[in-house]
Amino acid sequence: MNEIDDLSIAHAKKDHRAFKRVYDFYAPYVWKIAYRTLHGNHEAAQEAMQETFIRVHNSLSKFSGQSAFSTWIYRIVFNVCLTLRTKQKKASMNEEYNDTIGIAKSQTDAVDAKEDVERILAGLNKEERFLLAGRELLDLSYAELSNITQKNEGTLRTQLSRIKEEIRRNFKG
């Protein structure tokens with residue numbers, strides 16, 4: 001992904017009106033991530049986009065430039081989407097509640113699956129979780145991941161292959 005110039009970011013840190021340039025530049029990128037992460041839910045993606053740019057605006061002064069700006073935004077939108085998905089799942093589980101059984105089978109299956117995912121993710125560091133989620137949940141290409149992480153595509157393929165193999169080994173045990 002192309003990056004916005006450092007001067008625009010510096011202006012946006014000082015002038016709220018200059019933030020519109022940052023918004024205009026990154027809005028399609030944020031939309032793509034939100035829409036994919038939220039499984040094509042247009043309304044939820046709009047909510048995620050709005051929340052993302054509120055957080056970006058409020059935290060812009062904290063951006064240090066140690067990573068690409070797109071990486072920083074990616075992490076914000078991804079975290080916003082995960083929060084929204086959790087809220088959606090909780091609402092969905094409440095709707096499916098079966099009074100006669102007490103706990104519906106779909107709820108116990110969802111809890112078991114969530115525990116499995118949490119156990120798998122707990123064994124990964126932040127970068128590994130980021131790469132796995134970007135590739136597997138958001139279906140980002142290796143080229144997109146390379147632009148975000150500034151790593152070679154071949155390196156990313158190898159790293160993700162090793163992460164998946166480690167998950168397979170640990171999950172079977």
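Tutor: In what follows, the expected span of a helix is taken as 1.5 Å times one less than its number of residues. The model discussed here is a predicted one.

Student: With that definition in hand, what distance separates the first and last C-alpha of α3?

Tutor: Helix α3 covers residues 42-59, and at 1.5 Å a residue its 18 residues are expected to span 26 Å. The distance in the model is close to that expectation, and from the first C-alpha of α3 to the last it comes to 25 Å.

Student: Where do the buried residues of α3 lie when one looks down its axis?

Tutor: The buried residues of α3 are Ala-44, Ala-45, Ala-48, Met-49, Thr-52, Phe-53 and Val-56. Seen down the axis of α3, these buried residues fall within an arc of 165°, so they line one face of the helix. The spacing can be understood in general terms, because an α-helix has 3.6 residues a turn, so residues three or four places apart point the same way. For α3, then, the buried residues lie on one face.

Student: Which exposed residues does α3 carry on the face turned away from its buried side?

Tutor: The buried side of α3 includes Ala-48 and Thr-52, and the question concerns the face turned away from that side. The exposed residues carried there are Glu-43, Gln-50 and Asn-58.

Student: Which residue caps the N-terminal end of α3?

Tutor: One looks here for a side-chain oxygen that approaches a backbone nitrogen at this end of α3, and the nitrogen in question belongs to Glu-43. The oxygen lies 3.2 Å from that nitrogen, and the residue that supplies it is Asn-41.

Student: Is Thr-52 buried or exposed?

Tutor: Thr-52 lies in helix α3, and the cut-off for burial is a relative accessible area under 20%. Leaving aside residues up to four places away in sequence, Thr-52 touches Val-30, Ile-76, Val-77 and Val-80. Because its relative accessibility is 0%, Thr-52 counts as buried.

Student: Turning to α2, how far apart should its 19 residues place the two ends?

Tutor: Helix α2 runs over residues 19-37, and its end C-alpha atoms are 25 Å apart in the model, which agrees with the expectation. That expectation is reckoned at 1.5 Å a residue, and for the 19 residues of α2 it is 27 Å.

Student: At which residue does α2 bend?

Tutor: The bend in α2 is about 50°, and a proline, Pro-28, follows within four residues of it. The buried residues of α2 include Val-22, Ala-27, Val-30 and Ile-33, and among them is also the residue at which α2 bends, Tyr-26.

Student: Which residue in the loop between α2 and α3 has a positive phi although it is not a glycine?

Tutor: As a general background, most residues other than glycine have a negative phi. The residue in question follows α2 and has a phi near 55°. At 61% relative accessibility it counts as exposed, and the residue found in this loop is His-39.

Student: What phi does Gln-150 take?

Tutor: Gln-150 comes just after α7 and is found in the loop between α7 and α8. At 59% relative accessibility, Gln-150 counts as exposed. Although Gln-150 is not a glycine, its phi is positive, at about 65°.

Student: Which residues of α7 are buried?

Tutor: Helix α7 covers residues 142-149, and one of its buried residues, Ser-146, has a relative accessibility of 15%. Apart from residues up to four places away in sequence, Ser-146 touches Lys-151, Asn-152, Glu-153 and Leu-156. The buried residues of α7 are Tyr-142, Leu-145, Ser-146 and Ile-148.

Student: How far apart in space are His-11 and Val-22?

Tutor: His-11 has its place in helix α1, residues 6-14, and is partly exposed, with a relative accessible area of 44%. Val-22, in α2, is buried. The two are eleven residues apart in sequence, and their C-alpha to C-alpha distance is 9.7 Å.

Student: For the protein as a whole, what percentage of residues count as buried?

Tutor: The protein has eight helices and zero strands, and it exposes about 10,900 Å², of which carbon and sulfur atoms supply 50%. Among contacts with a separation of 6 or more, residues 24 or more positions apart account for 58%. Of the 173 residues of the protein, the share that counts as buried is 33%.

Key: Residues numbered from 1 in each chain as written. Predicted model: local features only at pLDDT ≥ 70, side-chain atom pairs only at ≥ 80, totals over all residues. Heavy atoms only, no water. Bend = angle between axes of the 7 residues up to and from the residue. Buried < 20%, exposed > 50% of the residue type's maximum accessible area, 1.4 Å probe, protein only. Contact = heavy atoms within 4.5 Å. Arc of directions from axis to C-beta. Polar contact = N/O pair within 3.5 Å; in protein donor to acceptor, adjacent residues only side chain to side chain. Areas by Shrake-Rupley, 256 points an atom, 1.4 Å probe, with all protein chains shown as cover.
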